[in-house]
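These are my notebook entries on one structure. I record what I looked up and what I found.

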Amino acid sequence: MTAAGRAPAVLAELRRILADLTGDAWPLRAPPDTPLLRDGIGLDSLGGALLLRSVHRRFGVDVADEDLNLDSLATIGSLAAFIAQRAGDPLPEGTAP
Amino acid sequence: MIKCVVWDLDNTLLDGVYLESPDKPPSAVPALAAVVAELAARGILHAIASRNPPEAAGHAEQATGHRFAAAACGWGAKSQAVTEIMAELELEPGAVAFVDDDPLERAEVAHAHPGVLVLAPQEVPEAAGWPQFSPPVITDEARRRGELYLARRARREEEAAFGGSREEFLRHCRTQVTIAPAGPADLPRLHELSARTRQFNSAGAALSRERLARLLAAPDRRVIAVRLRDRFGDDGLVGAAVVALPAAAPGEWSVELLMMSCRAMGRGVIEALLAWICRAARSAGAGRVSVACVVSPRNVPLRIALAATGFRAAEPAVAPAAGGGHRMATYSRRLDGSLPELPGWARGTW
């Protein structure tokens with residue numbers, strides 16, 4: 001599947017990760033241009049680090065290693081696009097790779 | 001270095017089973033209660049992981065005379081209890097010891113958390129003498145660590161009930177961040193921060209006490225200390241920066257070391273320090289600030305804070321020797337245009 005084809009599934013999965021992390025349903029319907037840090041989803045630097053750890057586990061993409069400037073952390077959509085470009089197809093929850 | 005010991009209660013820290021004697025719950029095992037007090041005096045935290053109702057934690061506090069930094073009581077797996085405690089106290093597995101009389105519980109925790117030091121109760125008195133339980137320096141901040149974690153618990157409970165933004169909450173707590181040049185008296189705590197901090201540390205390894213003493217005395221360096229307090233408690237010295245002011249490049253402040261205690265996380269300290277460095281550098285006539293930073297999975301929170309303050313990363317073509325084999329990047333930003341605001345609760349003196 002192409003990165004563009006993968007993007008919607010990555011976005012949906014990323015929203016679920018964010019909802020888990022924040023304990024809030026708002027990320028499930030937040031627009032893709034919602035900032036991840038501070039005023040948007042409201043992650044602080046530790047929250048951002050936890051998010052990247054979950055992303056690494058779920059998609060096998062080590063954002064903190066590949067994106068030194070962490071530009072991908074700007075918005076939900078930018079992080080989803082970064083992941084979609086590098087990840088294989090996301091697996092449904094609970095299935096073995 | 002062990003920062004926290006997680007204790008089972010029944011037949012471990014307690015001389016019996018809590019629920020079997022509701023009228024007169026068991027007392028603490030004296031030898032282990034003594035270890036709890038001794039390790040607490042060295043700045044090591046204690047926590048409880050017990051298959052008991054939550055009241056058991058209160059009883060253990062009475063029996064040992066110690067206030068535990070965290071307690072996970074319930075009927076889930078001990079490894080899950082350890083996970084919860086690590087999350088609450090922001091600890092890594094390598095900083096945690098787990099003590100349980102049941103070999104199955106020990107095996108379950110060891111399997112789930114290979115980094116955790118797993119001990120049987122009878123091993124504890126001897127283990128307390130091991131190097132990983134013996135911090136090289138014990139500062140005032142370390143001695144009061146348990147108390148400060150209790151202050152943190154109170155702060156978090158209040159935050160959960162507080163309706164406003166994080167910034168409003170920091171104001172509500174009367175947060176005070178004080179940024180000032182470090183002096184010789186700060187050396188032990190600076191050394192301790194250098195050895196203990198990981199998530200907010202730009203260096204790949206701890207600096208020796210001698211190296212820090214030389215930096216404090218060097219005419220071409222500034223060591224900046226950051227102190228934090230609010231109405232819940234005085235956290236003391238929680239962060240520092242070492243800035244090189246080389247004569248060759250007066251237009252640039254080069255930050256050689258940035259570090260902050262994870263206890264200060266989420267309290268506006270790193271933002272205040274980075275904002276203050278940018279503003280102080282510009283006042284001193286510099287046009288750029290750069291931060292040499294190790295690129296590792298452990299210091300992602302620091303790198304996120306740098307990126308959020310407008311720093312951009314560049315990797316050197318050749319790995320510098322100073323990195324000691326670590327992958328290094330230079331995060332820098334220009335000082336023209338608008339700089340990050342110094343929050344209202346932060347005060348800097350130069």
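**Entry 1: a salt bridge and its surroundings**

I began with a question: which side chain meets that of Glu147(B) in a salt bridge? I found that the partner is Arg144(B), with 3.6 Å from N to O. I noted at this point that the model is a predicted one.

I then asked whether each partner is buried or exposed. Glu147(B) has a relative accessibility of 48%, so this residue counts as partly exposed, the class between 20% and 50%. Arg144(B) has a relative accessible area of 19% and is therefore buried, as the limit is under 20%. I added a general remark: side chains of opposite charge can pair when their charged atoms come close.

**Entry 2: salt bridges that link distant parts of chain B**

I looked up the total for the whole structure, and the search gives 30 salt bridges over all chains. I examined some of them in turn.

Arg152(B) pairs with Glu90(B), and their closest N and O atoms lie 3.1 Å apart. I located Arg152(B) in helix 8 of chain B, residues 145-161. Glu90(B) lies in the loop between helix 4 (78-89) and strand 4 (96-99) of chain B. The two residues are 62 residues apart, and the pair links distant parts of the chain. Both Arg152(B) and Glu90(B) are buried.

Helix 8 of chain B also holds Arg155(B). Arg155(B) forms a salt bridge with Asp230(B), where the closest N and O atoms are 2.7 Å apart. Asp230(B) belongs to strand 7 of chain B, and 75 residues separate the partners in this link between distant parts of the chain. I recorded Arg155(B) as buried and Asp230(B) as buried too.

I also found a network of salt bridges that links Asp8(B), Arg51(B), Lys78(B), Asp100(B) and Glu105(B).

**Entry 3: the strands around strand 7 of chain B**

Since Asp230(B) lies in strand 7 of chain B, I looked up how that strand is paired. Which strands does strand 7 of chain B pair with? Strand 6 (residues 176-181) of chain B runs antiparallel to strand 7 (residues 221-230), and six bridges join the two. Within this pairing I found Thr178(B) opposite Arg227(B) of strand 7.

Strand 8 (residues 233-244) of chain B also pairs with strand 7 in the antiparallel sense, over 10 bridges. Here Ala225(B) stands opposite Ala240(B) in strand 8 of chain B. A hairpin of two residues connects strand 7 of chain B to strand 8 of chain B.

**Entry 4: where chain A meets chain B**

I turned last to the interface. How many residues of chain A are in contact with chain B? I found 15 residues of chain A in contact with 21 residues of chain B. The two chains bury about 1,500 Å² between them, and 58% of this area is on carbon and sulfur atoms.

The rule finds two salt bridges across this interface. One of them joins Asp65(A) to Arg327(B), with the closest N and O atoms 2.7 Å apart. I also noted five residue pairs in polar contact across the interface, both residues at pLDDT 80 or more.

On the side of chain A that touches chain B, helix 3 (45-59) and helix 4 (63-66) of chain A each supply at least two residues. Helix 3 of chain A gives the largest share, five residues. By class, I recorded eight nonpolar, three polar and four charged residues on that side of chain A.

Definitions and conventions:
Residues are numbered from 1 along each chain as its sequence is written. Chains are lettered from A and ligands numbered from 1 in the order in which they are written. This is a predicted model: local features need pLDDT of at least 70, side-chain atom pairs count only at pLDDT 80 or more; totals for chains, interfaces and linings use all residues. Side-chain values use heavy atoms; hydrogens and water are left out. Contact means heavy atoms within 4.5 Å. Buried area is the accessible area (1.4 Å probe) that two parts lose on being put together, summed over both. A salt bridge is a side-chain nitrogen of Lys or Arg within 4 Å of a carboxyl oxygen of Asp or Glu. A polar contact is a pair of N or O atoms within 3.5 Å; within protein, one must be able to donate a hydrogen and the other to accept it, and residues adjacent in sequence count only if both atoms are side-chain atoms. Helices (H or I, at least four residues) and strands (E, at least two) are DSSP runs, numbered from the N terminus. Ala, Val, Leu, Ile, Met, Phe, Trp, Tyr, Cys and Pro count as nonpolar, Asp, Glu, Lys and Arg as charged, and the others, Gly among them, as polar. Two strands pair if DSSP finds at least two bridges between them. Buried means under 20% relative accessible area, exposed over 50%, partly exposed in between (1.4 Å probe, protein chains only).
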